[in-house]
Amino acid sequence: MKVLILTHGTRGDVQPYAALALALRTAGHEPVLAAPAAMASLAEPYGLAFAPVHDGPNTLIDDPEILEAIETNYRGLRGKKVALRVMRRSKPLMARVFDDMADVAEDGADLVVHAPGIPAQHFAERLGVPAVPATMQPVWVPTAAFRNPMIPVPLPRSLNRASYLPIKLMLRSFGGVADRLRAGRLGLPRRRGRHDILRRPDGRPATVLQAFSTSLLPGGLDYPSWVHTTGFWFLPAASGWSPPPELAAFLADGPPPVYVGFGSMAGTDPVRVGRVVTEAVRLAGVRAVLATGWGGMRTGDLPEAVFPLEQAPHDWLFPRMAAIVHHGGSGTTGAALAAGRPQVLCPFVADQPFWAARAHAAGVAPAPQPQRRLTPRGLAEAIRRAVTDRGLARAAAQTGERVRAENGVQRAVQILETLA
């Protein structure tokens, strides 16, 4: 079957969908990955069919207002005002993204898999094929087991399901853009429920894939049968990839180091974050690999015990680390879990505080170290505990076994094969 995969965002938002595309092709299908043009490097090493679309809101990533929003997680009245302004600025950019995706969809498909923030159900309706929302975070399907991870304040358990309504309203904010696309290029009439990604055009529930592990979720899950929580989707290192000689030499020259990297996250002062991290590594008395290539921190001169790294495949690098210090994105959290290594999570924004809290609850990480309160002493203490605490090491190893056994992306392919 030909599977059109539509996603957008930064590297962490796109990489799991590249993993799905690779698994589909390995299974004999014809995937096409449509994603921001700047993310083409995720598909190229694997020879995946890639359809570049406009980079959209990614072009705003270095805007001071966006950086402040990431650092503060939209807290307070100012944060809410910033969120509204970001949404207004994003609408025309997303309109260009959707238009490019409509071009890609004109080539046809037997199945459309899409990130929930992409209104791909309209493209699938035009083609007369199923649309499958595939989410990397547990924020789209209501459950009574826990509140929406995007809601930063505690709520009574009785309001857990209701807390998912804001996400639905957020999707509706792009409704006008989608309606213009439906009536114009797609030639589709308005219908009730057209913006609900969890429903098919005939009103029946859509098949939903959740690309994370139940190992980190609270008990009492009540997801319906049409929601499949498969486990994380991992993109393996490309065939023939090998580490830079300098990295290999550093790893061989002493005990396993600690990995520190914050993905594509960046606050208003990455230089300060770099100083905090460097000092924390010194205080903790560990060797470290600092991944600075995607943002989040900038460093100056580093001691011999610290190796600066642009990037390296997590499935190769993480098992060689003593512990993983990261921002709490779902993909990095999953990769650290699969490696079976203790973690220290330093969340910035969105769902990251949720994953940080769940990793701590699962016993694989000390208490979270939020970026806005990050200090050298606090981070150093968390790193020391991650490296030396046998209980954390034991829990991380056991959880890693469970996560690897889930083989989430293969399970996702099997589910998709039942639909087209």
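These exercises walk through a predicted model of one protein chain.

## Exercise 1: The whole chain

Find how many helices and strands the protein chain has, and decide how its radius of gyration fits the globule rule.

Solution.
- Step 1. Count the elements. The protein chain holds 14 helices and twelve strands.
- Step 2. Take the radius of gyration, which is 21 Å. The globule rule gives 22 Å for 420 residues.
- Step 3. Set the two values side by side. They are close, so the chain is as compact as a globular protein of that length.
- Step 4. Look at the box. Along the principal axes, the C-alpha atoms fill roughly 65 × 50 × 40 Å.
- Step 5. Turn to the surface. The accessible surface is about 17900 Å², and carbon and sulfur atoms account for 53% of it.
- Step 6. Turn to the inside. Of the 420 residues, 54% count as buried.
- Step 7. Check how the chain folds back on itself. Take the contacts between residues at least 6 apart in sequence: 63% of these join residues at least 24 apart.

## Exercise 2: Two helices that cross

Work out how helix α10 is oriented to helix α13, and name the residues that make the contact.

Solution.
- Step 1. Locate the helices. Helix α10 covers residues 330–339, and helix α13 covers residues 390–406.
- Step 2. Read the geometry. Their axes come within 6 Å and cross at roughly 110°.
- Step 3. Classify the angle. Angles of 65 to 115 degrees count as roughly perpendicular. Therefore α10 is roughly perpendicular to α13.
- Step 4. List the partners. From α10 come Gly-334, Leu-337, Ala-338 and Ala-339. From α13 come Ala-396, Thr-399, Gly-400, Val-403 and Arg-404.
- Step 5. Sort the residues of this contact by type. Five are nonpolar, three are polar and one is charged.

## Exercise 3: Phe-232 and Ser-330

Decide whether Phe-232 and Ser-330 are buried or exposed, then find what each one touches.

Solution.
- Step 1. Place Phe-232. This residue sits in the loop between β7 and α7.
- Step 2. Apply the cut-off. Buried means under 20% relative accessible area. Phe-232 has 4%, so Phe-232 is buried.
- Step 3. Find its partners beyond four places in sequence. Phe-232 is in contact with residues including Phe-212, Ser-330, Gly-334, Leu-337 and Val-403.
- Step 4. Link back to Exercise 2. Gly-334 and Leu-337 belong to the α10 side of the helix contact, and Val-403 to the α13 side.
- Step 5. Place Ser-330. This residue is in helix α10. Its relative accessibility is 9%, so Ser-330 is buried.
- Step 6. List the contacts of Ser-330, again beyond four places. They are Met-136, Gln-137, Phe-232, Asp-351 and Trp-355.
- Step 7. Try a distance. Phe-232 and Arg-372 are 140 residues apart along the chain, and 28 Å separates their C-alpha atoms.

## Exercise 4: Helix α6 and Asp-179

Find which residues of α6 are buried, and which residues Asp-179 touches.

Solution.
- Step 1. Locate the helix. Helix α6 spans residues 175–186, and Asp-179 is in it.
- Step 2. List the buried residues of α6. They are Gly-175, Val-177, Ala-178, Asp-179, Leu-181, Arg-182 and Leu-186.
- Step 3. Recall helix geometry. An α-helix has 3.6 residues a turn, so residues three or four places apart point the same way.
- Step 4. Check Asp-179. Its relative accessible area is 9%, so Asp-179 is buried.
- Step 5. Find its partners beyond four places in sequence. Asp-179 touches Arg-190, Arg-194 and His-195.
- Step 6. Look past the helix end. Just after α6, Gly-187 has a positive phi of about 65°.

## Exercise 5: Positive phi outside glycine

Find where Ala-350 and Asn-407 lie, and what phi each takes.

Solution.
- Step 1. Recall the background. Most residues other than glycine have a negative phi.
- Step 2. Take Ala-350. Its phi is positive, near 60°. Ala-350 lies in the loop between β12 and α11.
- Step 3. Take Asn-407. Its phi is also positive, near 45°. Asn-407 lies in the loop between α13 and α14.
- Step 4. Check the exposure. Ala-350 is partly exposed at 25% relative accessibility. Asn-407 is partly exposed at 41%.

Definitions and conventions:
Residues numbered from 1 in each chain as written. Predicted model: local features only at pLDDT ≥ 70, side-chain atom pairs only at ≥ 80, totals over all residues. Heavy atoms only, no water. Axes fitted to C-alpha atoms, helices over the stretch in contact; angles between N-to-C directions. Helix = DSSP H or I, 4+ residues; strand = E, 2+ residues; numbered from the N terminus. Parallel < 35°, antiparallel > 145°, perpendicular 65-115°, else oblique. Contact = heavy atoms within 4.5 Å. Nonpolar A, V, L, I, M, F, W, Y, C, P; charged D, E, K, R; others polar. Buried < 20%, exposed > 50% of the residue type's maximum accessible area, 1.4 Å probe, protein only. Rg over C-alpha atoms; globule rule 2.2 N^0.38 Å. Areas by Shrake-Rupley, 256 points an atom, 1.4 Å probe, with all protein chains shown as cover.
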